[in-house]
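Got your viewer open? Let's take a short walk, one selection at a time.

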Amino acid sequence: MISTAVQKGQFVCVFNERNQQILNLFGTLHGFTSATVSIRKGNFVYTYNERGQQISCVFSK
């Protein structure tokens with residue numbers, strides 16, 4: 001489960017409920033829930049699950 005996600009430079013660090021880093025993703029943090037994290041890369045927003053698997057990609061201006 002995702003407890004928090006923080007922007008650190010060009011990367012987004014994602015942490016679980018034990019405050020352990022579970023993901024490190026390139027891009028700009030767009031938002032997160034307990035199950036997903038959304039990252040903006042250019043004109044696209046990518047959504048990943050807590051395992052780092054991409055589950056969606058949408059075009060966004």
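Is Gln-7 buried, partly exposed or exposed? Keep in mind that you're looking at a predicted model, then select Gln-7 and show its side chain. Gln-7 counts as partly exposed because its relative accessibility is 32%, and the partly exposed class runs between 20% and 50%.

Now colour by secondary structure. You'll find Gln-7 in strand β1, which covers residues 2-8.

Next, follow the side chain of Gln-7 to its polar partners. Select Phe-11: its backbone oxygen is reached by the Gln-7 side chain at 3.3 Å. Then select Gly-27, whose backbone oxygen sits 3.0 Å from a polar atom of that Gln-7 side chain. Gly-27 is also on the list of residues that Gln-7 touches, along with Val-12, Thr-28 and Leu-29, if you skip residues up to four places away in sequence.

Want to try the distance tool? Pick the C-alpha atoms of Gln-7 and Tyr-46: these residues are 39 apart along the chain, and the two atoms are separated by 15 Å.

Time to move on to Asn-16. This one belongs to strand β2, residues 11-16. Is Asn-16 buried or exposed? With a relative accessibility of 8%, Asn-16 counts as buried, because the cut-off for buried is under 20%.

Turn on the side chain of Asn-16 and look towards Arg-18: the Asn-16 side chain reaches the backbone nitrogen of Arg-18 at 2.9 Å. Last stop: select Met-1, Ser-3 and Ile-22. Those are the residues in contact with Asn-16 once you leave aside its neighbours within four places in sequence.

Definitions and conventions
Residues numbered from 1 in each chain as written. Predicted model: local features only at pLDDT ≥ 70, side-chain atom pairs only at ≥ 80, totals over all residues. Heavy atoms only, no water. Helix = DSSP H or I, 4+ residues; strand = E, 2+ residues; numbered from the N terminus. Buried < 20%, exposed > 50% of the residue type's maximum accessible area, 1.4 Å probe, protein only. Polar contact = N/O pair within 3.5 Å; in protein donor to acceptor, adjacent residues only side chain to side chain. Contact = heavy atoms within 4.5 Å.
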